[in-house]
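Please examine the sequence and the three-dimensional model shown below. The paragraphs after it lead from the metal site to the salt bridges, the strands and the surface.

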Amino acid sequence: MLFLLTNDDGFDSSGLSIFAKHLSELGEVFVVAPEHERSAGGHAITMHKPLRARYKGTAGKKIFMWETSGTPADCVVIGLFDLLPRIPDLVISGINLGPNLGEDLTYSGTVSAAMEAHLCDLRAFSISLCTFDQPKWEAAAQIGCAIVPWLLRFPNEFILNVNVPNCSLADIRGVAVTRLGKRRYEERLTKREDPFGRSYYWIGGFPQQFQPMEGTDEWAINQRMVSLTPISLDLTDYSKLRLLEDARGELERSFSKT
Ligand code: MN
């Protein structure tokens, strides 16, 4: 098997190198990752300046490593269309340090790399470890490796977003197939003053603490279960089509009166 492995934490992240080592027991791993951290960079692609890729050598016989000046989505495109010797069996993004849950997916560089692979008609999954403190990478890497052959049985019509609780394999209580939950932040914007008396802003807060709905990704993580959410890129809110259709004529008439 051949894997394209990327992330948004950057080439030097532990989650990437540990997962590459584990994956190399299943096949060849081409690591193509951003040279700097790109967390919360979303699905950006770089269209207005040149991109570079640097070969960083091998790690063992089956890991080939590149870093690029681009985003996670750029890495997928450069890897697929130039660096890899053939089309990979699977594109994998992670293991991310920190969760990728609920509405945070709209910010996620990790998940966006998997989305980009999906847009290239490839199977892809993203995997995140739900902690920022003392990550238990080994357990998450073993779960990631178990997902590989399991996922390959399905048609590549969806992206799988995986979140793993930060505990040992023995403490994980199972696997839950979930939907995206809600994710809201407190103290999202901090305003401060620099040494020259000018104000500046810092974005980023803490997730609001509330009881997640049963069946959501955050609920599964709180239950110490691995969360598997199938993701689609169709953002249409089908429940609102009828509501807008019923009121459509009124809008049309409001500007077509002559
Ligand atoms: Mn990240």
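The following paragraphs explain selected features of this structure, beginning with its metal site.

The model is a predicted one, and the account starts at the manganese ion. Four residues coordinate this ion: Asp8 and Asp9, each through OD, Ser39 through OG and Asn96 through OD1, at 2.0 to 2.3 Å. Along the sequence, the donor residues of the manganese ion follow the spacing D-D-x29-S-x56-N. Ser39 belongs to the loop between β2 (28-34) and β3, while Asn96 belongs to strand β5 (residues 90-97), so this pair ties together parts that are 57 residues apart in sequence. The two residues can also be described by their accessibility. Ser39 counts as partly exposed, because its relative accessibility is 33%. Asn96 has a relative accessibility of 6% and therefore counts as buried, the cut-off for that class being under 20%.

The next topic is the pairing of charged side chains. Side chains of opposite charge can pair when their charged atoms come close. Over the whole structure, a search finds 13 salt bridges. One of them is formed by Lys56 and Glu67, whose closest N and O atoms are 3.9 Å apart. This pair links distant parts of the chain, with Lys56 in strand β3 (residues 53-58) and Glu67 in strand β4 (residues 63-68), 11 residues apart. Lys56 is partly exposed, since its relative accessible area is 40%. Glu67, by contrast, counts as buried because its relative accessibility is 11%. The two residues are also part of a network of salt bridges that links Glu35, Arg54, Lys56 and Glu67.

Two further salt bridges may be considered in turn. In one, Arg248 and Glu252 meet through their side chains, with an N to O distance of 3.0 Å. Both residues lie in helix α6 (residues 241-256), and because they are 4 residues apart there, about one helical turn separates them. Arg248 has a relative accessible area of 41% and is therefore partly exposed. Glu252 is likewise partly exposed, with a relative accessible area of 40%. In the other, Asp194 pairs with Arg198, and the closest N and O atoms are 3.2 Å apart. Asp194 counts as buried, because its relative accessibility is 18% and the limit is under 20%.

Attention now turns to the strands, and in particular to β13. Why is strand β13 described as largely enclosed by the rest of the structure? The strand covers residues 226-231, and 5 of its 6 residues are buried, so the rest of the structure largely encloses it. Strand β13 pairs with β7 (residues 159-165) in an antiparallel arrangement, through 5 bridges. Within this pairing, Asn161 stands opposite Thr229 in β13. Strand β13 also pairs with β8 (residues 175-177), here in a parallel arrangement, through 3 bridges. In that case Val177 stands opposite Leu228 in β13.

The final feature lies on the surface. There, Leu189, Tyr201 and Ile203 form a nonpolar patch, and their accessible area together is about 370 Å². Of these residues, Tyr201 is found in strand β11 (residues 199-203).

Definitions and conventions
Residues numbered from 1 in each chain as written. Predicted model: local features only at pLDDT ≥ 70, side-chain atom pairs only at ≥ 80, totals over all residues. Heavy atoms only, no water. Buried < 20%, exposed > 50% of the residue type's maximum accessible area, 1.4 Å probe, protein only. Helix = DSSP H or I, 4+ residues; strand = E, 2+ residues; numbered from the N terminus. Pairing = 2+ DSSP bridges. Salt bridge = Lys/Arg side-chain N within 4 Å of Asp/Glu carboxyl O. Donors = N, O, S within 2.8 Å, 3.2 Å for Na, K, Ca; no water. Patch = residues over 30% accessible without salt bridge, like charges linked within 9 Å, V, L, I, M, F, W, Y side chains within 5 Å. Areas by Shrake-Rupley, 256 points an atom, 1.4 Å probe, with all protein chains shown as cover.
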